[in-house]
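Colleague: I would be grateful for a close look at the aromatic side chains of this model and their surroundings. Please treat them in one connected account.

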Amino acid sequence: GHCRLLCKPSALAQHLVRSLGRSAALRGGRWPWPRWPQLQMLWQLLQPPELEPVVARELLQLPDAGLVALDWLVGPWGAAGGGGGISSSVLLLIPNAAGKVTGGLLQLGLRALERGFIPVIFNRRGHNGCPLTTPRLQPFGDPGDLREAVTYLRCRHPSASLLAVSEGSGSGLLLAYLGESGSSSRLAAAACLSPIFRGRDWFEAGMPWLYEWPLLLHLKQGLSRYAGALAEVVDMDRLLGSRSLRELEETLFCRTRSRPTSWESYWERNEPLRDADEAAVPVLCLCSADDPVRGPSAQSLPRELFRSSPYFFLLLTPYGGHCGFPRRGPGRCWAHEAVLEYFRAMAEFLRTEERRKGLPRPR
């Protein structure tokens, strides 16, 4: 499929090259319009899942009395698949930064469920119908709430491997969490679909209006539900009158009534890769060179990170758009199959290493 794997040479990298090279996902059916990334993205966004998923919601209370929602995918058949066996892997799905759970993310969850995973969607405060009980939302790269959710999942499924996959701008949260947590992340592996690596540059450059305005409208609709509570801390007139994602982000997190801060200081604390050198979990980043949302590859892809870190792997494809990666036939998105194959290969590699070194399996 003309994909390239950019990474630091290692035994794990060789294993991934062999596993992904044998995978049928990277040799999927051809897309009839390979050079139209906008069409590929819209195809995935507008297509509903092949089967309507059944979701069981669980609200998790945080130390400051805030709430995040965990949506367990239990299948399109109404079966209680969220319980799973003790040997199943829990797959944490992280939507984009606007909280939009796309049809593609649901489709990935259903594919994972079919293969024995226990998929669960992480919804931030105030996103996707999650009640906002405190006048505080989650900044772009603040992993505090995600850390609480991971701790809870580890307690609920102590014998299961914990995996995570993020979509689009939601990858900023996952990458920040992996860097800040280091070897204490409790994750066995992670993957990012069309990630945004440089948050500040992305907000300042802006997106084509075809993408930015619908996303901005979606965010304003969600925030308007909590106008009364948020009016205590932000200027709601300015917030709902924002004409760009940058203006909305700056109003919501920098120009607050209680603790105003500068745009520069905000990104010092929220850049996704600020602690990337501390990451100690294998991360597969699947990107397309023609991604119209992330921006030009020369400026938006941190290639040096993938060449120097043994934990970061870049699977780069020439075409695919933003979270598109379409193909004909069942599944419709070959990136989903590639991510699930990556997780299978990671589990296989870790089992082999444990046997080779004679290490006991973690309890």
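Which residue lies over the face of Trp 72, and at what distance from the ring centre?

Modeller: The residue is Arg 156, placed 4.3 Å from the centre of the Trp 72 ring and over its face. The model is a predicted one, and every value below is computed from it.

The aromatic rings also meet one another, and the structure holds 14 aromatic pairs. In one of them, the ring centres of Phe 197 and Phe 306 are 5.9 Å apart and the planes stand at 85°, so the pair is edge-to-face. Phe 197 belongs to the loop between strand 7 and helix 6, whereas Phe 306 is part of helix 13 (residues 303-308). With these positions 109 residues apart in sequence, the pair links distant parts of the chain. Both Phe 197 and Phe 306 are buried. A second edge-to-face pair is formed by Tyr 266 and Trp 267, with 5.1 Å from centre to centre and 75° between the planes. Tyr 266 has a relative accessible area of 1% and is buried; Trp 267, at 3%, counts as buried because the limit is 20%. Tyr 266 and Trp 267 are also members of one aromatic cluster, which includes Phe 140, Trp 202, Phe 203, Phe 253 and Trp 263 as well.

The loop that carries Phe 197 has a further feature in its backbone. Most residues other than glycine have a negative phi. Ser 194, however, is not a glycine and has a positive phi of about 50°. Its place is between strand 7 (189-193) and helix 6 (199-205), and its relative accessibility of 0% makes it buried. Ala 65 likewise has a positive phi, near 75°. That residue is found in the loop between strand 2 (55-61) and strand 3 (67-73). Unlike the buried Ser 194, Ala 65 is partly exposed, with a relative accessible area of 36%.

The nonpolar surroundings complete the account. In soluble globular proteins, nonpolar side chains tend to be buried together. Here the largest nonpolar core has 40 residues, and Leu 92 and Leu 178 have the most contacts inside it. Helix 5 (residues 171-181) gives the most to this core, with five residues. Outside its neighbours within four places in sequence, Leu 178 is in contact with Ser 185, Leu 187, Ala 190, Glu 278, Ala 279, Val 281 and Val 283. Another core, of 39 residues, lies apart from it and includes Leu 12, Leu 16, Phe 325 and Met 346.

Helix 3 (residues 103-114) shows how far a single element can be covered: eleven of its twelve residues are buried, so the helix is largely enclosed by the rest of the structure. The buried residues include Gly 103, Leu 105, Gln 107 and Arg 111. Helix 3 reaches 17 Å from its first C-alpha to its last, close to the 16 Å expected. After helix 3 comes Gly 116, with a positive phi near 95°.

These details belong to a chain with 14 helices and nine strands. Of its 363 residues, 55% count as buried. Among contacts between residues at least 6 apart in sequence, 75% join residues at least 24 apart.

Note on methods:
Residues are numbered from 1 along each chain as its sequence is written. This is a predicted model: local features need pLDDT of at least 70, side-chain atom pairs count only at pLDDT 80 or more; totals for chains, interfaces and linings use all residues. Side-chain values use heavy atoms; hydrogens and water are left out. Helices (H or I, at least four residues) and strands (E, at least two) are DSSP runs, numbered from the N terminus. Buried means under 20% relative accessible area, exposed over 50%, partly exposed in between (1.4 Å probe, protein chains only). Contact means heavy atoms within 4.5 Å. The expected span of a helix is 1.5 Å times one less than its number of residues. A nonpolar core is a set of buried Ala, Val, Leu, Ile, Met, Phe, Trp, Tyr and Cys residues joined through side-chain atoms within 4.5 Å. Rings of Phe, Tyr and Trp (its six-membered ring) pair if their centres lie within 6.5 Å; planes under 30 degrees apart count as stacked, over 60 as edge-to-face and the rest as tilted. A charge sits over a ring if NZ of Lys or CZ of Arg is within 6 Å of the ring centre and within 35 degrees of the ring normal.
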